[in-house]
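Me: I've got this model open and I'd like a close look at one helix. Could you walk me through that part, and then work outwards to what surrounds it?

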Amino acid sequence: MPLALQTFPTVKDANATLQAAGTRYLGGGTLVIRAANEGDVSTSSLVRVTDPGLSQIAVAGGKVRLGASVTMAAIASHPELAAIAPAARAVGGPAIRNMATVGGNLFAPAPYGDFAVALLALDATVVTEDGETPVETFLAVRDTSRAIVTAVGFSLPTAESFRFLKVSRVKPKGVSVLSIAALLEMAADGTVASVRIAMGCMADRPIRALAAEKGLLGRKLTPQGIAPALAAAAEGTAPITDPIASAWYRAEVLPVYLGRLLLN
Amino acid sequence: MEMRKDYFADVRQDGLHEIGQARPRLDSPGHVTGKTAYFADRNFPGMLHLKMVRSPHHHARIRSIDTSEADKHPGVVRVLTAKDVPHNVYTILILIQVGPEDETVLADGKVRWKGEAVVAVLAETERAAQEGAAKVKVDYEFLPAVFDMEEALKPGAPLVNEYHGQNYYLYDSGECRKVRFGDVDAGFAQADHILEQSYQSSPIEHAPTETTGCVVAPEGNDRFTCYTNTQAMFFTLDNTSIILQMPGSKLHFVGGTVGGGFGGKVDVIVEPIAILGAKLTGRPVSFVYTREEEMQISSPRAAEMVVIKDGVMKDGRIVARKVTGYTDAGAYSRHSPYGTQKGAAHYPGPYTIPNVWIDTYCVYTNRTPSSAMRGFGVTIGDFALEVQMDKLARLIGMDPLEFRFINAYRDGDMKAHRQPTEGAALIECMQEASRVANWPVAGKYMAMSSYKKGA
Amino acid sequence: MAKVPVEFTLNGSEKAEFIESGTTLLHALRDKIGDTSPKGGCHQGTCGACSVIIDGELRLSCLTLAETCNGADIKTTAGLAKGGVLHPLQRAFLDAFATQCGFCTPGMMMAAKVLLDRTPNPSRDDVVEALSGNICRCTGYEPIIQAVLLTARANSQNAA
């Protein structure tokens, strides 16, 4: 069957159509059109929604709500989102950033999906017509998720508390060897009071670095202080092997880059 | 840009009109306006799209091919298998009498590498061709595969290519190309130090921005115009003529505009099958590699292994060099027997060494067939040689650049493959490199000349 | 096959076509409308050869469906020269020897044009960043970067 696009004004109308076999949601096109171009004939029908609400960015009272159709370029240039802009700028080149969406990034298989790594560290909430789901839960079940993502929400971090690092072999735009995002709250004595770390390319989708997080609590961000966290960083990971790097290489360099992110 | 006029001043001419002048490129105006016509910029009404069903296995016997579902698929116009190709077993260097014919246009009874073309599907749209290709059923019986050259050369290794009968190319000189110069054993016997090292490289893909492809239009007078991005127009035309058993006068090739080639577009892969499709359907045909095909299917530079054994004197003279080179041709010859031969002639590098022994092997494995790429047969060898030169210099405690001056070839020196050196400029290049890189060498080296007089 | 109407402005002139649903803008421009200046290099969003400007923003036409461009203002390299006079970027690409095989050139110029439209005096880093989604396998990029900087210098001298 040839590929065909159906356009709907609202998510509600589109959700029903999306249940049909061989149907996928079209966001920025950087995943589904790419697959069709490469000869994936499993998708014959695309669905999109033109509701302008999906492209809205709302920042109020320390809370951020990004519509699912918001692009990486829109986040990178938004004056109130400077703290998370590095994660949006890490995605693709300028043209890709004008197209790739927040919603799509949640479904991007490793080595893609750098922004979703940031969302996981930020403990974001994924919004669909069915309700709200923590991003960690959503990522785990994304392959079977059929409801259109309408938005993500999270508390806006301060520039000091949020750190993001993407490692690639080509600068300034390259595919990830790995990416790391960390949300750190420091106690008055300079020790880590709370921490969430997320990693890209260390599994087929973004995952938490739970062992490293545990190893950091109550520690100072010094080479000695972070040593236990670095030693435990690869625990529970299953890095991907692809033309960019082998699983072995990714596992070897993870502690090096996590160290740089934490000591920076 | 600085023109250094003091080198070879005796033969320089300063009255040249073009050399040393900035001249506009003739093709640039077309490029910057988007008007340059690449093959894929030709579009014909009723054009069919060709997609290839490829082997998912490295080595397998084909028990059966069932195209019945694909034949019936909406939009599919014609499905081609080996029996449709007039002269299915070919090799491109047959034009210069380098045989045997060892490769199939479409697999017949066996596949020898993952990605090998098995069935061609022609359809009204790319999508219909992809869907049709997905419906072709091929029943394979797995065969043991070999991916490593040393393994492939061991007795009892799986035989990759029956047309050769062994896993290496049999030259008229035997199992390898050989160069013998002086007495290498005597050279090693007199050497102060001996250093043997081995060097390896992986296949390298050219990754041109424009993928390999062609567009073919039947002209109505039993002639076919083929718009192609081949880097080897007449070579491709002649091979197509053999494969299709069609006189060359029936084939009109239009090309010369290539969106990046780097040697990756000198094999004869897309044109014969696309022209056959146009002939059998009477319709224009487009066959363009996807990016994945370009990266995985098109020939890369061969993987190589180079073992270099050198005998060197404390004063810096290399007195013996023995090189054993292995070129991984993959499953088929393509240009590799030639590249391997080029390697034999290229060693021992741009150095004059009195005792030389070279063996270079063209080895078959179940990997993607390799072929031409920028200086193939010599580039990896140069990497190995120059790393070896640095190691030798370190071994005898000599500056690596001065060490190269001592051994550099100069006009009149006899090369190992019996070609006298002429027009050498290595000494002068190194003198200039020493100057601009601020890597000083002793005055006696700066006074040297490729003419040998100054030595 | 379901045909759908598309209407947009291409390099200042209005275009209306019926195309098969699911057709990319790249195919619509090249095969239907006959503007072959955008090139298909990867169809994966990686090489940038298909770059066009849609409503002032750099986009990849290989990943954009034509029917999503209804009402859009689309610009391609074929529309850069006006009345036979080359655009300053085209002039600079010629003068700086920024083309070799030429296949990436139309996409490079689209990326450069968007940059210069917004940032008339870019730094070298700005240029590198702006061209970072466009792959050139021939030049090693330096002549292309120089061509963009040359254009910016020429523009600012003309303005002064």
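Reply: On one side of α5(C), you'll find C:Glu142, C:Arg153 and C:Gln157 exposed. Before going on, bear in mind that this is a predicted model. The opposite side is another story: C:Ile144, C:Ile145, C:Ala147, C:Val148, C:Thr151 and C:Ala152 are buried in α5(C). Those six sit on the same side of α5(C) because they cover an arc of only 160° around the axis. It helps to remember that an α-helix has 3.6 residues a turn, so residues three or four places apart point the same way.

The length of the helix works out too. Helix α5 of chain C runs over residues 142-159, and its 18 residues at 1.5 Å each should span 26 Å; the end C-alpha atoms are 26 Å apart, so the two agree.

What sits on top of the buried residues? The cover over the buried residues of α5(C) includes α2 (88-95), α3 and α4 (124-130) of chain C. Of these, α3(C), residues 105-118, comes up again in the largest nonpolar core, where it gives the largest share, eight residues. That core has 251 residues, and the ones touching the most other members are A:Ala118, A:Ala121, B:Val121, B:Val216, B:Ala274 and C:Ala112. As a rule, in soluble globular proteins, nonpolar side chains tend to be buried together.

Now step back to the domains of chain C. The domain assignment splits the chain into domain 1 (3-79) and domain 2 (88-159). The C-alpha centres of domain 1 and domain 2 of chain C are 22 Å apart. Where they meet, 13 residues of domain 1 of chain C are in contact with 12 residues of domain 2 of chain C. On the domain 1 side, strand β3 (residues 51-54) of chain C gives the most, with three residues. That side has seven nonpolar, five polar and one charged residues.

Chain C also meets chain A. That contact takes 20 residues from chain A and 26 residues from chain C. On the chain A side, the elements giving two or more residues are β1 (4-8), α2 (32-37) and α5 (94-99) of chain A. The largest share there, five residues, comes from α5(A), which shouldn't be confused with the α5(C) you asked about. By class, the side of chain A that touches chain C has 11 nonpolar, six polar and three charged residues.

Following chain A inwards, the domain assignment gives domain 1 (4-49), domain 2 (52-155) and domain 3 (175-263). The C-alpha centres of domain 2 and domain 3 of chain A lie 21 Å apart, and their contact takes 16 residues from domain 2 and 20 residues from domain 3. On the domain 2 side, α7 (114-121) and α8 (135-140) of chain A each supply at least two residues. The largest share of that side, six residues, comes from α7(A). By class, the domain 2 side has 12 nonpolar, one polar and three charged residues.

One core residue of chain A is worth clicking on. Leaving out residues up to four places away in sequence, A:Ala121 touches A:Ala181, A:Ala182, A:Leu183, A:Arg196, A:Ile197 and A:Ala198.

Another one to click on is A:Val167, which lies in strand β9 (residues 162-168) of chain A. A:Val167 counts as buried because 22 C-beta neighbours are inside 10 Å, with 20 or more being the cut-off. Again leaving out residues up to four places away in sequence, A:Val167 touches A:Ser176, A:Val177, A:Leu178, A:Ser179 and A:Tyr257. A:Tyr257 is 90 residues apart from A:Val167 along the chain, yet their C-alpha atoms are separated by 8.0 Å.

That leaves chain B. Chain B gives seven residues to its contact with chain A, and chain A gives five residues. Helix α3 (residues 126-134) of chain B gives the most to the chain B side, with four residues. The residues on that side divide into one nonpolar, three polar and three charged. As for chain B as a whole, its secondary structure comes to 13 helices and 17 strands, and 49% of its 455 residues count as buried. Its C-alpha atoms fill a box of roughly 80 × 60 × 35 Å along the principal axes.

Definitions and conventions: Residues are numbered from 1 along each chain as its sequence is written. Chains are lettered from A and ligands numbered from 1 in the order in which they are written. This is a predicted model: local features need pLDDT of at least 70, side-chain atom pairs count only at pLDDT 80 or more; totals for chains, interfaces and linings use all residues. Two residues are in contact if their C-beta atoms, placed from the backbone, lie within 7 Å. Ala, Val, Leu, Ile, Met, Phe, Trp, Tyr, Cys and Pro count as nonpolar, Asp, Glu, Lys and Arg as charged, and the others, Gly among them, as polar. A nonpolar core is a set of buried Ala, Val, Leu, Ile, Met, Phe, Trp, Tyr and Cys residues joined through C-beta atoms within 7 Å. A residue is buried if 20 or more other C-beta atoms lie within 10 Å of its own, exposed if 12 or fewer, and partly exposed in between; C-beta atoms are placed from the backbone. The expected span of a helix is 1.5 Å times one less than its number of residues. The arc is that of the directions from the helix axis to the C-beta atoms. Domain bounds come from an automatic or database domain assignment.
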